[in-house]
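Please walk me through this structure, stop by stop. I have the viewer open and want to know what to select next.

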Amino acid sequence: MSNSYTKFDSLVYKQVQRTLYQVDIFVPTNSEEIIRTASRPALVFYHGGGAISGSRAENGWFPRWLLDLCIQKDIIFISADYSLLSPQTGFDIIQDVKDLFAWIANDLNSKLEDLGSKASIDSTKLAVMGASGGGIPAYYTGLYATPRPRAVIGVYAMGGDTLNDLWTVPKTEPWVTWQNILIPMIDPKSAKPVVDLASPGSDTPPTTETDIETHPRNMLSFWTQQEAIYPDLLTGVKGLGVAIGKHPHEERASKVEDKYRGLFPPLVVDKSFPPTLLLHGIDDKVIPIQESHNFASALTRAGVAHELVEIPGADHGFDFVGSAENFMEWLDKTGPFLDRYLV
């Protein structure tokens with residue numbers, strides 16, 4: 001089977017203030033299958049960047065391996081914008097995933113027809129995948145979107161435990177390596193202007209994408225770890241991360257007010273959550289594998305079918321272009337998972 005597709009760029013699924021929320025859609029053109037059955041499953045991809053920076057674009061963080069897999073299986077691939085923290089919070093990301101899946105179900109097929117595509121999406125056969133910070137909108141999709149996806153995939157995903165020490169205990173010396181480089185402490189003088197611009201509750205328009213090489217937001221994910229403010233940005237509650245971090249880990253969930261608990265997926269996941277595949281590198285220091293361990297434990301307690309694949313020698317971003325081929329033995333587990341629950 002060929003790997004041909006047609007790409008439809010920058011389709012708008014909603015607008016907030018002057019910010020357009022867009023998707024790029026890759027429609028397989030394996031013509032014999034399309035003619036036989038035009039209505040196809042689809043997979044929505046949410047990019048990484050700590051849910052603070054990044055882009056849906058085909059950049060160095062883009063999962064080319066996953067796009068290739070979807071095209072081989074005649075699954076329509078959708079790379080989507082979502083609100084980046086902050087001034088938006090996790091509540092806005094929840095609204096984004098609801099709006100996106102409603103748009104896919106109600107409006108996208110007519111848009112594809114207008115654009116001349118012979119294919120359409122079967123909205124009863126949707127899956128979602130989040131990489132790194134994209135794990136947060138992916139898990140929110142599994143919890144809150146209608147139609148509910150049939151399957152969720154997390155690749156070194158955040159959102160599995162944003163109450164652990166990484167996010168709630170301030171750092172006083174360098175603490176993390178990425179690609180064998182020790183990340184230096186971030187100077188408040190350089191971070192503070194960006195943080196102030198993006199302070200919760202401001203009237204700054206939403207941000208949905210950044211250049212992954214040069215944008216000042218790119219420092220914010222590490223800054224939130226350094227200052228233990230990620231729960232603050234997720235909820236809009238200043239000081240929440242540090243306050244929660246003063247308690248033992250096993251007590252922290254009980255310190256989250258009811259109105260914010262839905263922003264922390266392990267606290268609210270139940271048996272209705274879709275079957276889930278978690279792929280995580282054992283050597284990941286940016287988002288340690290314990291994050292996926294914690295989410296897998298929550299899925300077990302809820303009675304949700306899931307698999308956690310622990311990948312030896314894999315750092316954060318092991319599936320980036322240029323390194324994914326070294327880990328295909330484990331990434332290839334995605335194919336049977338999609339065959340079972342989606343195709």
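The tour below goes from the sheet to its helices, then to rings and charges.

**Stop 1: the sheet**

Keep in mind that this is a predicted model. Show the strands first. Eight of them form an open sheet with mixed pairing. Trace the order across: β1-β2-β4-β3-β5-β6-β9-β10. Now colour the two edges, β1 (5–16) and β10 (306–311). Each has a single partner strand, so one side of each is left without a neighbour in the sheet. Turn the view to look along the sheet: the twist averages 20° from one strand to the next.

**Stop 2: the β1–β2 hairpin**

Select β1 and β2. They form a hairpin with two residues between them. Click on Q17 in the turn, where phi is positive, at about 50°. The two strands run antiparallel and share nine bridges. For a landmark in this pairing, pick T6, whose bridge partner in β2 is V27.

**Stop 3: across to β4**

Stay with β2 (residues 19–28) and add β4 (residues 76–80). This pairing is also antiparallel, over four bridges. Label D24, and find S79 of β4 opposite.

**Stop 4: helices on the sheet**

Next, display helix α3 (residues 90–106). α3 lies across β1, β2, β3 (39–46), β4 and β5 (120–131). Its direction is at about 125° to β1. Then add helix α5 (residues 135–144), which packs on the sheet. α5 touches β3, β5, β6 (151–155) and β9 (276–281), and runs at about 140° to β5.

Move to α2 (64–72). Show side chains here: W65, L66, L67, L69, C70 and I71 of this helix are buried. Step just past the end of α2 to D74, where phi is positive at about 55°.

**Stop 5: aromatic rings**

Select the aromatic side chains. The structure holds 20 aromatic pairs. Zoom in on F26 and F62. Their ring centres are 6.0 Å apart and their planes meet at 40°, so the pair counts as tilted. F26 belongs to strand β2 and F62 to the loop between β3 and α2, so the contact ties together parts 36 residues apart in sequence. Both F26 and F62 are buried.

Widen the selection around this pair. Y5, F26, F45, F62 and F77 make up one aromatic cluster.

Now jump to F327 and W330. How are their planes set relative to each other? The angle is 50° and the centres are 6.4 Å apart, so this pair is tilted. F327 and W330 are both buried.

**Stop 6: charges over rings**

Go back to the hairpin strands and select K14 and Y21. The charged end of K14 sits over the ring of Y21, 4.9 Å from the ring centre. For another such arrangement, select K171 and W175. K171 lies over the face of W175, at 5.7 Å from the ring centre.

**Stop 7: salt bridges**

Show the charged side chains. The count comes to ten salt bridges. Start with K14 again, which forms a salt bridge with D96 at 2.7 Å, N to O. D96 is in helix α3 and K14 in strand β1, so the pair ties together parts that are 82 residues apart in sequence. Is this pair buried or exposed? Both D96 and K14 are buried.

Next, centre on R56. Its side chain meets D81 in a salt bridge at 3.1 Å, N to O. R56 is in the loop between β3 and α2, and D81 is in the loop between β4 and α3, 25 residues apart. R56 has 6% relative accessibility and counts as buried. D81, at 0%, is buried as well.

R56 also forms a salt bridge with E209, with the closest N and O atoms 3.7 Å apart. E209 is in the loop between α7 (188–197) and α8 (220–227), 153 residues from R56. How accessible is E209? Its relative accessibility is 38%, so E209 counts as partly exposed.

**Last stop: a network**

Finish by selecting K7, D9, E58 and R64. These four are linked in a network of salt bridges.

Terms used. Residues are numbered from 1 along each chain as its sequence is written. This is a predicted model: local features need pLDDT of at least 70, side-chain atom pairs count only at pLDDT 80 or more; totals for chains, interfaces and linings use all residues. Side-chain values use heavy atoms; hydrogens and water are left out. Two strands pair if DSSP finds at least two bridges between them. Axes are lines fitted to C-alpha atoms, for helices over the stretch in contact, and angles run from 0 to 180 degrees between N-to-C directions. Contact means heavy atoms within 4.5 Å. Rings of Phe, Tyr and Trp (its six-membered ring) pair if their centres lie within 6.5 Å; planes under 30 degrees apart count as stacked, over 60 as edge-to-face and the rest as tilted. Buried means under 20% relative accessible area, exposed over 50%, partly exposed in between (1.4 Å probe, protein chains only). A charge sits over a ring if NZ of Lys or CZ of Arg is within 6 Å of the ring centre and within 35 degrees of the ring normal.
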